[in-house]
Number of protein chains: 2
Amino acid sequence: MIYKFKPIGIIHSCFQEKFGIPRQGRLVPEARGTLEILPPYNCKEAFRGLEGFSHILITFVFHDNQSPEEWRPTVRPPRLGGNERVGVFASRSPFRPNPLGISVVELESVDGEKGKLSLSLKGIDLLDKTPVLDIKPYLPYADCVPEARGGFAVKMPATELHVTFDQQALIDCEHWEQQGYPELRALITRLLSLDPRPAYYIGGANRRREFGMKLLDFDVKWKVVDECVVVIEIRSLQG
Amino acid sequence: MIYKFKPIGIIHSCFQEKFGIPRQGRLVPEARGTLEILPPYNCKEAFRGLEGFSHILITFVFHDNQSPEEWRPTVRPPRLGGNERVGVFASRSPFRPNPLGISVVELESVDGEKGKLSLSLKGIDLLDKTPVLDIKPYLPYADCVPEARGGFAVKMPATELHVTFDQQALIDCEHWEQQGYPELRALITRLLSLDPRPAYYIGGANRRREFGMKLLDFDVKWKVVDECVVVIEIRSLQG
């Protein structure tokens, strides 16, 4: 039996590429996005009452997997340093038999005008253009399990790295914050403090390599020196 | 764009019909089931490390919807007495554009023998034969949001009704508890205390009508007298 699903919406995210995306929702509250609801679901009635919920569950497709046909029984989660293998169903890896993701995110508002409908979201971990199959209200009495034991991923990842900005990066950041990106510095700081480097770089020989990620309308470059992140460039992608 | 998914497993549930199923996972801890993993996913490796997690997220298909092609922008959730309408995306109703469900359930064990693999589950809200598309470990740091505001469904439904057993029902129950259904009375008691009657019966003129549900291998019959449930029959479906 095969089940077919059509997206009800598309994510517009600050994350323009996979590298650097937090590994779950809610880790970076400044990570914002909108969920554009597609016709015929873009009617306000279908969302009546949703604004009473502070959080929603988003079911989405990991659409950017390179070879979705392939699946492997085990994966190497970054939380384990990228060396140890665990079962794919004991992980939240995007590379799974059915590439479905679930994120808990904060709902800021339901916005409708001129026949368009979108949801403003905070704390997302979703790549730009992610197809969304369903949204549901987050029900604390059913979905919140404070006593749950979490295996190898029981705790929020520690905020490990201190983040500083080079003088020019700081000037650029302040400039862009006044041009319509008011939380740019907080967003970059929180994202990079989670240390998005691939596990095999951390503590390795290539410690001073430069890294870059596309974030909002910028190319952000940084390096890690003595376990401290230094942001070295914030370049506009629009020229 | 259409996305296609194939079940990775099938639920074997104590719930043989929709009527009476708790409206979320975890409401009735005695509600047990197993998730049979289908080939080629039934290899132990794919679940390595899962037993370290106490809870899992199950993504499943509401397979028993009568007219899956139809969707309506609003639904009448039982939590609101069945009268008030809310948007389908502000509800957990099975009748939604993509009939996908998410349940948080307790994982008791991962059991493998003779090339078969299954997960033992507690606190399920899933109909027998439900197709499962994905399972993921429940990560408290990402999935548990104690501060979430829950709209019209903020609290666990109150345990409203007191449940008693007729003399014959009690004798039958004790008999079956010794025949391999050790938690039968606790299961029936907890389920019926949640008052599974359709909203339009509650407080209505048909208060003394008999209700029945297929549970495990039994047909369970009860009525409600003065806001008190009386179990009147527990009949084996096997003859």
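In this predicted model, strands β12 (residues 218-225) and β13 (residues 228-236) of chain B pair in the antiparallel sense, joined by eight bridges. Within this pairing, B:Val224 finds B:Val229 of β13(B) opposite. Both strands belong to an open sheet of four strands in chain B, which follow one another in the order β10-β13-β12-β11 with mixed pairing. At its edges lie β10 (162-165) and β11 (210-215) of chain B, each of which pairs on one side only. From one strand to the next, the twist averages 30°. A helix accompanies this sheet: α2 (residues 167-177) of chain B lies across β10 and β13 of chain B, and its direction makes an angle of about 55° with β13(B).

Turning to the layout of a single chain, chain A is divided into domain 1, spanning 9-143, and domain 2, spanning 162-236. The centres of these two domains of chain A, taken over C-alpha atoms, are separated by 24 Å. Their contact draws on 14 residues from domain 1 of chain A and 14 residues from domain 2 of chain A. On the side of domain 1 of chain A that touches domain 2 of chain A, eight residues are nonpolar, four are polar and two are charged.

We come next to the meeting of the two chains. Here, 64 residues of chain A are in contact with 64 residues of chain B. Several elements of chain A supply at least two residues each to the side that touches chain B, namely β1 (3-5), β4 (55-61), β6 (86-87), β7 (100-113), β9 (131-137) and α1 (140-143). It is β9(A) that gives the most to this side, with six residues. By class, the residues of chain A on the side touching chain B comprise 40 nonpolar, twelve polar and twelve charged.

Strand pairing also crosses from one chain to the other. β1(A) and strand β1 (residues 3-5) of chain B run antiparallel and are joined by three bridges. One of the residues involved is A:Tyr3, whose bridge partner in β1(B) is B:Phe5.

How are the two copies arranged? A turn of 180° with a shift of 0.0 Å along the axis lays chain A on chain B, with an RMSD of 0.0 Å. This is the relation of a two-fold axis. The contacts can be compared in the two copies as well: 100% of the interface residues of chain A are also interface residues in chain B, so the copies meet through the same surface.

Definitions and conventions. Residues are numbered from 1 along each chain as its sequence is written. Chains are lettered from A and ligands numbered from 1 in the order in which they are written. This is a predicted model: local features need pLDDT of at least 70, side-chain atom pairs count only at pLDDT 80 or more; totals for chains, interfaces and linings use all residues. Two residues are in contact if their C-beta atoms, placed from the backbone, lie within 7 Å. Ala, Val, Leu, Ile, Met, Phe, Trp, Tyr, Cys and Pro count as nonpolar, Asp, Glu, Lys and Arg as charged, and the others, Gly among them, as polar. Two strands pair if DSSP finds at least two bridges between them. Copies are superposed by least squares on the C-alpha atoms of residues with pLDDT of at least 70 in both. Domain bounds come from an automatic or database domain assignment. Axes are lines fitted to C-alpha atoms, for helices over the stretch in contact, and angles run from 0 to 180 degrees between N-to-C directions.
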